[in-house]
There are 2 protein chains.
Amino acid sequence: MAKSLPVSPLAPAGGFPQMPAIAGVRFAAVEAGVRYKGRRDVMLAEIAAGSTIAGVFTRSATRSAPVLWCEENLAAGPQGEAGYAIVVNSGNANAFTGRNGMEAAQRTATAAAAALGIPERHVFLSSTGVIGEPLPAERITAKLDELVAHLSGDGIGDAAQAIMTTDTFPKGCARSVGIGGTTVQIAGIAKGSGMIAPDMATMLAYVFTDATVAQPVLQQMLRELTDVTFNAITVDSDTSTSDSLLLAATGRAGAPAIDRADSADATAFRAALHEVLLDLAQQLVRDGEGATKFVEVQVEGAVSDASAKRIGMSIANSPLIKTAIAGEDPNWGRIVMAIGKAGEPADRDRITIHFGDILVATDGWVAPGYREADGAAYMKRAELVIRVGLGLGEGKATVWTCDLTHGYISINADYRS
Amino acid sequence: MAKSLPVSPLAPAGGFPQMPAIAGVRFAAVEAGVRYKGRRDVMLAEIAAGSTIAGVFTRSATRSAPVLWCEENLAAGPQGEAGYAIVVNSGNANAFTGRNGMEAAQRTATAAAAALGIPERHVFLSSTGVIGEPLPAERITAKLDELVAHLSGDGIGDAAQAIMTTDTFPKGCARSVGIGGTTVQIAGIAKGSGMIAPDMATMLAYVFTDATVAQPVLQQMLRELTDVTFNAITVDSDTSTSDSLLLAATGRAGAPAIDRADSADATAFRAALHEVLLDLAQQLVRDGEGATKFVEVQVEGAVSDASAKRIGMSIANSPLIKTAIAGEDPNWGRIVMAIGKAGEPADRDRITIHFGDILVATDGWVAPGYREADGAAYMKRAELVIRVGLGLGEGKATVWTCDLTHGYISINADYRS
């Protein structure tokens, strides 16, 4: 993008976190000039032999060539014990680019496989940026030797920078967890700011660990946790053609292998992984295009968890609610509207609505003690919790979103990403 | 609302149309001060004895007390041959107002029934405006004598004014059609500007005719035509708690009775009614909050009409497409995205996209002859047609929407309707 956007007011304090090196993973990033000038726009991650890898992707019917390529990789399964690579470019999504799209993906993978001495089917690809323009793969392949020469265990921060588009800050998160007396590390990066919506895998996110995790367990954990992290956020209800989340486990920590999803080690690892995925997903919301408010929507008492999530998303995607939040207007009537339109069971007279700890509505009407001034004061916060009780059952869900502001309009009416 | 919004640039040329009187229907509008000051905010329509009446309403799970009241009226059926009344207020939606809501509706209906000498269950009610505040029914009932005193066959324009909220122009449409050698008139009014979305009945609309139509036929026509008119528009994907569409037929033209939906007379009447409903629905889009572009989305070649409509609505509701249109950016990649996220069958390599007559994309990629300058020039128009071909089957649908602008944010971040 030509102009530089100001950093989101919701960016995590302290900037990009201190990230541990993950034994068995090295990174590099270069300026390849795919579309942007004067910034790194291609990153390479090299993952050691013997690792396992899992992925989830957008369910879009018009998903991009790199997404199709990655899906084929996972379907083909491991080609022996060889290492893996992830090549990501920003500036061009290589989506809706016809036959040319898959050819560009193929050329990139072939070149990366040769440069690293691994099978083509071990090269995972992502592209993010404008849709419908041919990907100049030669600009990427021309830089592969330089990328390989610069691979470093400390390069994850540069990688996080290289995958940004309208993002205003790079996104990373790390956790450690003890597995059988050995500490394993989990480190992830992500990008995303607009075209963020439910029913997807995510935007681009890459998570690495030195734990030892069997591939089926890794895949199952990733699928399940995606539902309560990346699939529980929305910026604008628009689902990308390119959403990809990859998770690689190198085993280099030497911790006991996790080969069953229900073991104590699996539970501990899963909890740490959940924290990393949720933190990254929330960072996407914090960098939502034009966002000035970070909003958690908690729904409880629904007939099922799925019903609670649909009601939560109906609230989180409502333009009228998101604009009211932008205007710091405690317009709880619009929440009633969004509950009503969700197409899920709801009984007006059992609904309760809280702003944080403030009881706003109950018994089918405004709460007797609610004062508009309290709601208005609460809405001035940068981080809001909207809590809805349905009073029908045990179903619950939490989703995260941001407000809808003039900034979103400005970014998307003027900028072609 | 305190401040006055400028009239939409998409308002029909010529202003409020010349509307015929409908024999058997009289209107009045007054300033009752329900919420707004210095403008008419309550309207009464009196419908002669012997008329038939049909209605469709929002499917929201949190629909308003007046909607529930009207549904009960229709379920109860006609109470003899007595006339009907419609009482509508703006400024307060009487939604999510607990027991108080239905009591306010009951008091209004009881008073109107007494003033006109008709059964309570023949009084239809609508309220539009802020959600969650008690309706001051006494301000409406206090004005009933004044309303009855001012009833006039020429009052439909005043009625159209009285039901406005964020609307920037009153909405009306009329058609005539020959039924068995007799000309019958159809005249309708509507309001709506925000909280306009699919899967609803409509915002508020009232249509009157002097044709003679059996109630089951009237109801069936209204239900079917709503799907291709009011249920085929969207401003912001938010479905109201109050959407109501009522259609009354007085029979006063003396034309032959339409008592079968498949007769030639029914077909002719239905076609004219379709025109009125579609025109009114499109006027809601033209007055969409902040709208500067009127957009028709045509989808063809889908596996079914329902699938085509869902894809059309995915395009029409996409914030990224609507902001691109606001910015006059021919960003057709976002249309590909919206097709992909619709959850409907689509084959990337069979998709075609047109802007008006300009072929933009075909065979899974940008069309060979497409020039960005042509697309950019087209987007400068105030009225746009986006045409999508799926190449899969015979399913087709057309939906209408507007762009998403700074004006929408300003109206909804600052104004509590």
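**Entry 1: the surroundings of B:T405**

I began with what B:T405 touches in this predicted model, and, leaving aside residues up to four places away in sequence, I found contacts with A:I409, B:G290, B:T292 and B:A326. One of these partners, A:I409, belongs to chain A, while B:G290, B:T292 and B:A326 belong to chain B.

I then looked up where B:T405 sits along its own chain, and I noted that this residue is in the loop of chain B that runs between strand 16 (395-402) and helix 12 (406-414). Is B:T405 buried or exposed? I read a relative accessible area of 8% for B:T405, and because buried means under 20%, I entered B:T405 as buried. I also wrote down that a polar atom of the B:T405 side chain lies 3.0 Å from the backbone nitrogen of B:G407.

**Entry 2: A:K191 and the annotated positions**

I turned next to the UniProt record, an unreviewed entry, which places the feature "binding site" at A:T165, A:K191, A:T202, A:E289, A:N412 and A:S417. From these positions I picked A:K191 to follow further, and I located A:K191 in strand 7 of chain A, which covers residues 182-191.

With a relative accessible area of 2%, A:K191 is buried. Which side chain makes a polar contact with the side chain of A:K191? I found that of A:T128, at 3.1 Å.

**Entry 3: chain A as a whole**

I stepped back to the whole of chain A and counted 12 helices and 16 strands there. Its radius of gyration is 22 Å, close to the 22 Å that the globule rule gives for 417 residues, so I noted chain A as being as compact as a globular protein of that length. For the extent of the C-alpha trace of chain A along its principal axes, I recorded about 70 × 50 × 40 Å.

I also looked up burial over the chain, and 60% of the 417 residues of chain A count as buried. The accessible surface of chain A comes to about 13800 Å², and carbon and sulfur atoms account for 49% of that surface. When I took the contacts in chain A between residues at least 6 apart in sequence, I saw that 82% of them join residues at least 24 apart.

**Entry 4: domains of chain A**

Last, I checked the domain assignment of chain A, which gives domain 1 as residues 25-286 and domain 2 as residues 294-414. How many Å separate the centres of domain 1 and domain 2 of chain A? Taken over C-alpha atoms, the separation that I wrote down is 33 Å.

Notes. Residues are numbered from 1 along each chain as its sequence is written. Chains are lettered from A and ligands numbered from 1 in the order in which they are written. This is a predicted model: local features need pLDDT of at least 70, side-chain atom pairs count only at pLDDT 80 or more; totals for chains, interfaces and linings use all residues. Side-chain values use heavy atoms; hydrogens and water are left out. UniProt positions are given in the numbering used here, feature names are shortened, and annotations may be inferred rather than shown by experiment. Helices (H or I, at least four residues) and strands (E, at least two) are DSSP runs, numbered from the N terminus. Buried means under 20% relative accessible area, exposed over 50%, partly exposed in between (1.4 Å probe, protein chains only). A polar contact is a pair of N or O atoms within 3.5 Å; within protein, one must be able to donate a hydrogen and the other to accept it, and residues adjacent in sequence count only if both atoms are side-chain atoms. Contact means heavy atoms within 4.5 Å. The radius of gyration is taken over C-alpha atoms; the globule rule is 2.2 Å times the number of residues to the power 0.38. Accessible areas come from the Shrake-Rupley method with a 1.4 Å probe; for residues, only the protein chains shown count as cover. Domain bounds come from an automatic or database domain assignment.
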